[in-house]
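Q: I am new to this structure and would like a close look at one part of it. Please pick a part, go through it step by step, and then show how it fits with the rest.
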Amino acid sequence: MALTKRERRLRIKRRVRKSISGTAERPRMSVFRSNKQISVQIIDDITGKTMLSISSLVKDIAEKNGSKSEQAEFVGQAIAEKAATAGISEVVFDRNGYLYHGRVKSLADAARKGGLKF
């Protein structure tokens, strides 16, 4: 029986998460993409705490008009700025089972332009 899209994504997510882990010095940057929104969390897996998070639902980003890819760029720039103020310069990128394409790629590129290294 064929896998659904969700099952396939979760299977990829589990396979990737075996080798990816975030520390306090280099936390994990996890992306979640829904049909309408995109959100990012910077997570320290050792303590199990979310250090920073931002979403396209934040008022500053939601007010900007644009396509979903442009919103992902705004989220990437915002997370890079928040990480810089928190003293985080390097992260491990976790695409969360999504293909590195489209909105996920535009978010990652914008975060890199903002100064994050991964």
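**The middle strand and its surroundings**

A: Start with one pairing: Val 40 has its bridge partner in strand S3, and that partner is Ile 54. The model is predicted, so everything here is read from a prediction. Val 40 belongs to strand S2, which runs from residue 38 to 44. S2 is the part to look at closely.

Take the S3 side. S3 covers residues 49–55 and runs antiparallel to S2. Six bridges join the two. They form a hairpin, with four residues between the strands. Gly 48 sits in that turn. The phi of Gly 48 is positive, at about 75°.

Now turn to the other partner. Strand S1, residues 28–33, also runs antiparallel to S2, and six bridges join this pair. Ser 30 shows the pairing: its bridge partner in S2 is Gln 41. S1 and S2 form a hairpin too, with four residues between them. S2 therefore pairs with S1 and with S3, by the rule that two strands pair when there are at least two bridges between them.

Is S2 covered or open? It is mostly covered, with five of its seven residues buried. The nonpolar core is the next place to look. The largest one holds 23 residues. Ile 42 is one of those that touch the most other members, along with Met 29, Val 75, Ile 79, Phe 93, Leu 107 and Leu 116. S1, S2 and S3 each give two or more residues to this core, and so do helix H3 (68–86) and helix H4 (103–113). H3 provides the largest share, six residues. There is a general tendency behind such a grouping: nonpolar side chains tend to be buried together in soluble globular proteins.

Follow one core member outward. Leu 116 is in contact with Met 29. Beyond its neighbours within four places in sequence, Leu 116 also contacts Ile 79, Ala 80, Ala 83, Ile 88, Ser 89, Val 91 and Ala 111.

Next comes H4. Its buried residues are Arg 103, Val 104, Ser 106, Leu 107, Ala 108, Ala 110 and Ala 111. S2 helps to cover them. The cover also includes S1, H3 and strand S4 (92–94). After H4 comes Gly 115, whose phi is positive, near 115°.

Step back to the whole chain. The protein has four helices and four strands. Along the sequence they follow the pattern α-β-β-β-α-α-β-α. The radius of gyration is 14 Å, close to the 13 Å that the globule rule gives for 118 residues, so the protein is as compact as a globular protein of that length. The C-alpha trace spans about 45 × 35 × 20 Å along its principal axes. Of the 118 residues, 36% count as buried. The accessible surface comes to about 7,400 Å², and 50% of it belongs to carbon and sulfur atoms. Among contacts between residues at least 6 apart in sequence, 60% join residues at least 24 apart.

For contrast with the covered strand, look at the start of the chain. Ala 2 lies in the segment before helix H1 (5–17). Ala 2 is exposed because its relative accessible area is 69%, and the cut-off for exposed is over 50%. From Ala 2 to Ala 86 is 44 Å, C-alpha to C-alpha, and the two are 84 residues apart in sequence.

Notes:
Residues numbered from 1 in each chain as written. Predicted model: local features only at pLDDT ≥ 70, side-chain atom pairs only at ≥ 80, totals over all residues. Heavy atoms only, no water. Buried < 20%, exposed > 50% of the residue type's maximum accessible area, 1.4 Å probe, protein only. Core = buried A, V, L, I, M, F, W, Y, C linked by side-chain atoms within 4.5 Å. Contact = heavy atoms within 4.5 Å. Rg over C-alpha atoms; globule rule 2.2 N^0.38 Å. Areas by Shrake-Rupley, 256 points an atom, 1.4 Å probe, with all protein chains shown as cover.
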